[in-house]
Amino acid sequence: MANSLDDVVSGALRVLDQYGLEFCSMRRVAGELGVQPSALYHHVPDKQTLLALMADRIVADVEVGADPQKAALALREAMMAVRDGADVVATASAFRLGDSRIENELAAITSPDVARTLLLYVFGHTQATQMHRQAAQVGIVAEDPDLDASFARGLALILR
C-alpha cells in the first residue's frame with residue numbers, strides 16, 4: 001500500500017518526536033514508513049518542503065481570533081507539544097516556507113511589525129524553553145521554574 005502525503009508528514013513528526021530535528025532525515029523518515037528514501041520524493045520535492053509541512057501541521061489548530069496574547073499562548077503550547085516543535089516552526093518561518101496564516105492574522109489585528117516581533121519572541125522563547133527542558137531531563141542543567149512566567153512577562157511587554 002502506498003503512503004500518502006499525510007502519511008509522510010505524520011511519519012516525519014514521529015521521527016522528530018523520537019530523535020529531534022537534528023536527526024530527522026529523509027532516510028530516517030523513509031525507514032519509519034518502511035519505504036526507500038526515493039519514495040518520499042513522490043510526495044515532497046525536498047526536505048525543506050517536508051519541514052514546512054511539518055510546521056504547518058504543528059500549528060494547524062492555533063486560532064488567532066481577536067486576542068494576540070491568547071494567540072501567542074496557543075502558538076507556544078502547540079510548539080511545546082512536539083519535541084523541537086519551535087525549531088521546526090521557526091525555521092520554516094525564517095525561510096518563509098509553508099503557511100504564513102498566523103503571521104497574517106496577527107498582522108490584521110495588530111500591525112505587520114507587531115506580528116513579526118511577537119512571532120520572533122514566541123519562537124525564540126519557546127526554542128530556549130524546549131532546549132532547557134530537554135537538558136534538564138538528562139541532568140545537564142537544573143530545571144528553571146521561571147520559564148513559563150518569564151514568557152508571560154515578556155509577552156506583556158511586547159503587547160503593551
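## His125 and Arg76

His125 sits in helix 8 of this predicted model. Its relative accessibility is 14%, below the 20% cut-off, so His125 counts as buried. Setting aside neighbours within four places in sequence, the contacts of His125 are Arg76, Leu147, Ser150 and Phe151.

One of those partners, Arg76, deserves a look of its own. Arg76 belongs to helix 5, which covers residues 68-80. With a relative accessibility of 9%, under the 20% limit, Arg76 is therefore buried too. Not counting residues up to four places away in sequence, Arg76 touches Val122, His125, Thr126, Thr129, Leu147, Asp148 and Phe151. Two further residues appear on both contact lists: Leu147 and Phe151 are in contact with His125, and Leu147 and Phe151 are also touched by Arg76.

## Gln134 and the second largest pocket

Further along helix 8 we find Gln134. Is Gln134 buried or partly exposed? At 28% relative accessibility, Gln134 falls between the 20% and 50% limits, so it counts as partly exposed. Its contacts, leaving aside neighbours within four places in sequence, are Arg83 and Asp84. Gln134 and Asp84 are 50 residues apart along the chain, while their C-alpha atoms lie 9.5 Å from each other in space.

Gln134 also helps to line the second largest pocket, together with Met80, Arg83, Gln130, Arg133 and Gln137. Arg83 thus has two roles in this picture, as a contact of Gln134 and as a lining residue of the second largest pocket. The space in this pocket is about 150 Å³. Helix 8 provides the largest share of the lining, with four residues. By class, the lining holds one nonpolar, three polar and two charged residues.

## The largest pocket

How much volume does the largest pocket have? The value is about 250 Å³. Its lining counts 17 residues, and those closest to the centre are Val89, Ser93, Asp99, Ser100 and Phe123. Four elements each give two or more residues to this lining: helix 4, helix 6 (85-94), helix 7 (101-109) and helix 8 (112-137).

In terms of chemistry, the lining of the largest pocket divides into nine nonpolar, three polar and five charged residues.

## An enclosed cavity

Rolling a probe the size of a water molecule over the atoms shows where empty space is left. Besides the pockets, there is one cavity of 30 Å³ or more. This cavity contains about 40 Å³ of space. Its lining is made up of Cys24, Ser25, Met26, Val29, Lys47, Leu50, Leu51 and Met54. Helix 2 (26-33) and helix 4 (47-58) are the elements that give two or more residues to that lining.

Which element gives the largest share of the cavity lining? That is helix 4, with four residues. Sorted by class, the cavity lining has six nonpolar residues, one polar residue and one charged residue.

## Annotated regions

Two features come from an unreviewed UniProt entry, and such annotations may be inferred rather than shown by experiment. UniProt lists "domain: HTH tetR-type" (unreviewed entry) at residues 2-62. In the model, that stretch is 64% helix and 0% strand, with 30 Å between its end C-alpha atoms.

The "DNA-binding region" (unreviewed entry) is listed by UniProt at residues 25-44. Here the chain is 60% helix and 0% strand, and the C-alpha atoms at the two ends are 13 Å apart. Ser25, Met26 and Val29, which are among the residues lining the largest cavity, have numbers within the 25-44 range.

## The chain as a whole

Stepping back, the protein chain has nine helices and zero strands, giving the pattern α-α-α-α-α-α-α-α-α along the sequence. Its radius of gyration is 17 Å, close to the 15 Å that the globule rule gives for 160 residues, so the chain is as compact as a globular protein of that length. Along the principal axes, the C-alpha atoms fill a box of roughly 50 × 40 × 20 Å.

Of the 160 residues in the chain, 40% are buried; His125 and Arg76 are among them. Looking at contacts between residues at least 6 apart in sequence, 66% join residues at least 24 apart. The contact between His125 and Arg76 is one to look at in the viewer.

Terms used
Residues are numbered from 1 along each chain as its sequence is written. This is a predicted model: local features need pLDDT of at least 70, side-chain atom pairs count only at pLDDT 80 or more; totals for chains, interfaces and linings use all residues. Side-chain values use heavy atoms; hydrogens and water are left out. On a 1 Å grid over the protein atoms alone, a cavity is a set of points where a 1.4 Å probe fits but cannot get out, and a pocket is an open set with protein on both sides within 12 Å along at least five of seven lines; lining residues have an atom within 4 Å of a point. Grid points are joined across faces, edges and corners, and a volume is the space filled by probe spheres set on the points. Ala, Val, Leu, Ile, Met, Phe, Trp, Tyr, Cys and Pro count as nonpolar, Asp, Glu, Lys and Arg as charged, and the others, Gly among them, as polar. The radius of gyration is taken over C-alpha atoms; the globule rule is 2.2 Å times the number of residues to the power 0.38. Buried means under 20% relative accessible area, exposed over 50%, partly exposed in between (1.4 Å probe, protein chains only). Contact means heavy atoms within 4.5 Å.
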